[in-house]
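Reader: I would like to go through this structure term by term, asking each time what a word rests on. Could you show it to me and then take my questions?

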Amino acid sequence: MKAANGSRVSRRKVDVSNIIWDDVIDKINYDVQMQEFSVIHDKPQKHNVLAKTKERILLNTPPPTIICEGSYAPYSFKPIVDQFKLYGMDQFHTYVSFCKGSSTFGRHNDIDNVMICPIVGKIGYTVDELGRVELDPGDVLCIPRYVYHEPHVYGPRAILSFSGAADGNV
């Protein structure tokens, strides 16, 4: 499936059968320890705040999405990371959500070409000119720079998001 803007989906392009949640947790633990992570959390509304102190806020909202930004790759990730480097993708991030409705960046575009590969769980995206697509582990979604897209979290999931400025075969 390919759109006029160059966005496309390739089904079962990558073998992720050996990746398990323990590998994803290993990645999170390492990047948290190295302080190479971020979280996406919706701005809390007053009715979502259950308790508040100087140091902590207790919320009744879905857990945030965790973005692992470090270059560490668990052993099971390495073949996939190496494969995407062949396409000129020089950066990768791991996005992890633990439930349906976890926060995302919403509708946005990127300044680099992006290739997204779910490794655990299913995720959907709405991509300009391509429409809504659902990705299973091992599928690859290619999004050229500046093309707007929006993730839809259906449940627990982990994806690898690769980016690079290369104009090659995105």
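**Terms and what they rest on**

Author: Methionine 115 has cysteine 142, in β10, as its bridge partner. This is a predicted model, in which local features need pLDDT of at least 70 and side-chain atom pairs count only at pLDDT 80 or more, while totals for chains, interfaces and linings use all residues. Residues are numbered from 1 along each chain as its sequence is written, and side-chain values use heavy atoms, with hydrogens and water left out.

Reader: What makes β7 and β10 a pair of strands, and in which sense do they run?

Author: Two strands pair if DSSP finds at least two bridges between them, strands being DSSP runs of E with at least two residues and helices runs of H or I with at least four, numbered from the N terminus. Strand β10 (residues 140-143) is joined to β7 by 3 bridges and the two run antiparallel, so the definition is met. β7 also pairs with β12, in the antiparallel sense, over 7 bridges, and there cysteine 117 stands opposite leucine 160.

Reader: Why is β7 described as largely enclosed by the rest of the structure?

Author: Buried means under 20% relative accessible area, exposed over 50%, and partly exposed in between (1.4 Å probe, protein chains only). By that rule 8 of the 8 residues of β7 are buried, so the strand is largely enclosed. Cysteine 117, with a relative accessible area of 0%, is buried, and cysteine 68 counts as buried at 1%.

Reader: How do you know that cysteine 117 is not bonded to cysteine 142?

Author: A disulfide is a pair of cysteine sulfur atoms within 2.5 Å. The closest cysteine sulfur to that of cysteine 117 is in cysteine 142, 10 Å away, which is too far for a bond. A search of the whole structure finds 0 disulfides. Cysteine 68 is in none, the nearest cysteine sulfur, that of cysteine 117, being 16 Å away.

Reader: What puts the buried residues of α2 on the same side of the helix?

Author: In α2 (residues 78-85), Ile80, Val81 and Phe84 are buried. They cover an arc of only 100° around the axis, so they lie on the same side of α2, where the arc is that of the directions from the helix axis to the C-beta atoms. An α-helix has 3.6 residues a turn, so residues three or four places apart point the same way. On the other side of α2, Pro79 and Lys85 are exposed.
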